[in-house]
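Biologist: I am new to this structure. Please take me through one part of it in detail, with some background on the whole.

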Amino acid sequence: MFGVPGIGGIISDITGKKNARLKGSVVLMRKNALDVNNIGATVLDNITEFLGRGVTCQLISSTVVDPNNGNRGKVGAEASLEQWLTTLPPLTAGENSFAVTFDWEVEKMGVPGAIIVRNNHASEFFLKTITLDNVPGRGTVVFVANSWIYPQFKYRYNRVFFANDTYLPSQMPAALKPYRDDELRYLRGDDQQGPYQAHDRVYRYDVYNDLGEPDSGNPRPTLGGSKDHPYPRRGRTGRAHTAADENAERRLTLLDEDVYVPRDERFGHVKSTDFLGYTLKALVDGIVPAIRTYVDLSPGEFDSFEDIFKLYEGGIKLPDIPALQEIRKRFPLQLVKDILPAGGDYILKLPMPKITKEDRRGWMTDDEFAREILAGVNPLIIRRLTEFPPRSTLDPSKFGDHTSTITEEHIQKNLEGLSVQEALDSNRLYILDHHDHYMPFLIEINNLEDNFIYATRTLLFLRGDGTLTPVAIELSLPDLRDGIIAARSKVYTPTATTGPEAWVWHLAKAYVNVNDYCWHQGVSHWLNTHAVMEPFIIATNRQLSVTHPVHKLLQPHYRDTMNINALARQKLINAGGIFEMTVFPRKYAIEITSKVYKNWNLIEQALPDDLIKRGMAVEDPSSPYKVRLLLEDYPYASDGLAIWNAIEQWVTEYLAIYYPDESVLQADEELQAWWKEVREVGHGDLKDEPWWPEMQTVAELGKVCSTIIWIASALHAAVNFGQYPYCGYHPNRPSVSRRPMPEPGTEEYRMLESDPEKVFIRTITCQFQALVGISLLEILSSHSSDEIYLGQRDTPAWTSDARAQEAFKRFGARLTEIEKRVVAMNADPQLKNRNGPGFPYTLLFPNTSDRNGDNAGVTAKGIPNSISI
């Protein structure tokens, strides 16, 4: 696309004995080409603004030093952008290419290894690449930037970009080493306290002290930096503290700009993050108030399943309130028209979720309930049962004995003739256990208005056909006895298919799904992907040069993550934000994730380790993936292991190029500083945990890099892009339960006979929470049309190393083979867990073969490189 050899029409042949001129091309994007208010605007206007002295470049030698400049690489004369080039291969919309000619005699100045770029305009532009062709003794030299260049007066230093060569610190040409060290020092910004501006490029750490609003009487505990509330670090903004709490950071107002993240972490493509940011703001600032008014003016509840389906078939007309009018003024209509179609009426209409598209009642079956535990949006919690009855890990001094009350009599009749012990011995009993997850918090949670939450345990039996079926559900409430929080439990089993008893069983499954939904959102999704990734991003930018092989390996898997996390802190997980608004733990929701983080272990995030820990697999050297699934038809694990293996193979091949033995790794000062900072600062609350690798072997580095890539790509895809398809119809995945289980002899139980749907719907998520929650899930479940999938790179010339390029091609080829494998497995009638009511499991279909954005939208298909939504 750009930055590659063969652009002969642009680069003239170098003539003359002294080779005194080098010609090349600069690819950039003007700010307004990326401006959401200018979608569709011609890219031809004002193109001349970059010509002349608007943008200047100076080459830096990689081989000849300047003794008058601290023995740094010699710097050439300034060159300006020349004519606008139309003869390049087709560029992405909004990109422009310019010619540039350098006075540079290779015999005297050596081979260029870096370049200084200055912006003399009033506004920033996005620099993609600078390519030199026909460099004597070298051929093509590509400088990969992918960076926003602000006006020069905003910087305290020159913007320097390196050629796309790869160097360990000890191998960096001496002429370039000072520039490499300077760049890392600027990015660390340890001498800059903030508050940081949009053009600042500072990567520093901070705790989560910006979620609450102490000045408004709505504080939240600081997460991170304490034993009680450990947490991964986030990017520092340097904003002022609140008046009420000097340890809490002041939140932004509606009039403020976006939360600071280093500008290059906000990639700025119209079709991805800008769209996401505008849409989330439109939802929070306009649509949520309108939904609240709508609910206040209407009966405020759904009465039947058909009532809910009207949301997808005709939509609901929102009241015309000032907040909605303000959206139309503040936000580009193109970006919110999918949520609020143009015209006089404000219609909120959502697409039919996949779970109900083909079969409106398919979600209610026991088969589908169990299948989603293996192939739904949270397939990470199930574990194999190894003892009966299930035991608790809660501290007995505080909680007493929380051993399950499920007995052999409860489940015996549904074990296909086996005894409980025989079922255990043959690996056929499994459990979805949320009891210990929520029991410690239920007293506080159930004191919140309109909450009635149980801690649940669900036992599942593996049938002869390879599918699971639920055989018992235990619902427990806290019971204070003599200073101990004991459990008061009741067990439900599938005993009837019609009448009130059948609906009691449907409600029992709903209470389970309430637990699972909230654990999925807070822990499986937010904590275990978004939050834990940010420290790695910060440390990589602070300690690893862009020329370092590990930086080049990991950088694509960081794209937009700090940006979406900052957006989440401002609009989603903050006090009173959409997350608290729609899940049952409400103001305790994120605090609970801090308690969970205490036991987070990076090594256990690797898929094989996770499966072994949960008893879902065993080590098996004869298996292609070195582990063997005990439950073979487990779509998430089966597809995931193929992806994991491809990632691990790619990482191993790549690292072997640069680390021929352990001594090279041990002597890599940047790598060792990176790892020390990840452990002691970024994840510093866990720095003393024994599981941290010492980072003394190439195998340790390979495992860590594979795990980082897995979390950012496949793990996040598995828990994110199925949200709307599975949860967009909220009876299937409710986020709240509001009433206790109806007991025989009560009015509620009698209503189960006369109007069971109404009882079910009035027990789960209320209308307001449902409308807000599923509106958000539609946004979060969408693939953008400029998505970059696993096995793809946004810049083909990301490295000049042919060995790395070849290894990456092999990685892409393996992923494309996995796509074929997924399609074949989904078509295999023996694998019953791979297809739900009307749609197959494709959340871990890599989509590497999609180069044109054909998979955009809510497709439940594809693994992006990074956590960008």
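Modeller: What follows is a close look at one strand, β16, and its surroundings.

This is a predicted model. Start with the whole. The protein has 28 helices and 20 strands. Its radius of gyration is 29 Å, close to the 29 Å that the globule rule gives for 869 residues, so the protein is as compact as a globular protein of that length. The C-alpha trace spans about 100 × 65 × 55 Å along the principal axes. Of the 869 residues, 63% are buried. Take the contacts between residues at least 6 apart in sequence: 74% of them join residues at least 24 apart. The exposed area comes to about 32,400 Å², and carbon and sulfur atoms supply 49% of it.

Now the strand. β16 covers residues 455-462. Eight of its eight residues are buried, meaning under 20% relative accessible area. The strand is therefore largely enclosed by the rest of the structure. Look at its two faces. On one side sit Ala 455, Arg 457, Leu 459 and Phe 461, all buried. On the other side sit Thr 456, Thr 458, Leu 460 and Leu 462, also all buried. Both faces are covered.

Next, the neighbours. Strands of a sheet pair through backbone hydrogen bonds, either parallel or antiparallel. β16 has antiparallel pairing with β15, residues 429-433, through five bridges. Here Ile 431 stands opposite Leu 459 of β16. β16 also runs antiparallel to β17, residues 468-481, and eight bridges join these two. In this pair, Thr 456 stands opposite Leu 475 of β17.

The link between β16 and β17 is a hairpin, with five residues between the strands. Gly 466 lies in the turn and has a positive phi of about 90°.

Follow β17 onward. Nine bridges join β17 to β18, and these strands run antiparallel. One point along that pairing is Asp 479, whose bridge partner in β18 is Ala 486.

Now put the strands together. They belong to an open sheet of five strands, in the order β14-β15-β16-β17-β18, with antiparallel pairing. At the edges stand β14 (383-384) and β18 (484-492). Each edge strand has a single partner, so one side of each is left without a neighbour in the sheet. β16, by contrast, sits between β15 and β17 in the strand order.

Technical notes
Residues numbered from 1 in each chain as written. Predicted model: local features only at pLDDT ≥ 70, side-chain atom pairs only at ≥ 80, totals over all residues. Heavy atoms only, no water. Helix = DSSP H or I, 4+ residues; strand = E, 2+ residues; numbered from the N terminus. Rg over C-alpha atoms; globule rule 2.2 N^0.38 Å. Buried < 20%, exposed > 50% of the residue type's maximum accessible area, 1.4 Å probe, protein only. Contact = heavy atoms within 4.5 Å. Areas by Shrake-Rupley, 256 points an atom, 1.4 Å probe, with all protein chains shown as cover. Pairing = 2+ DSSP bridges.
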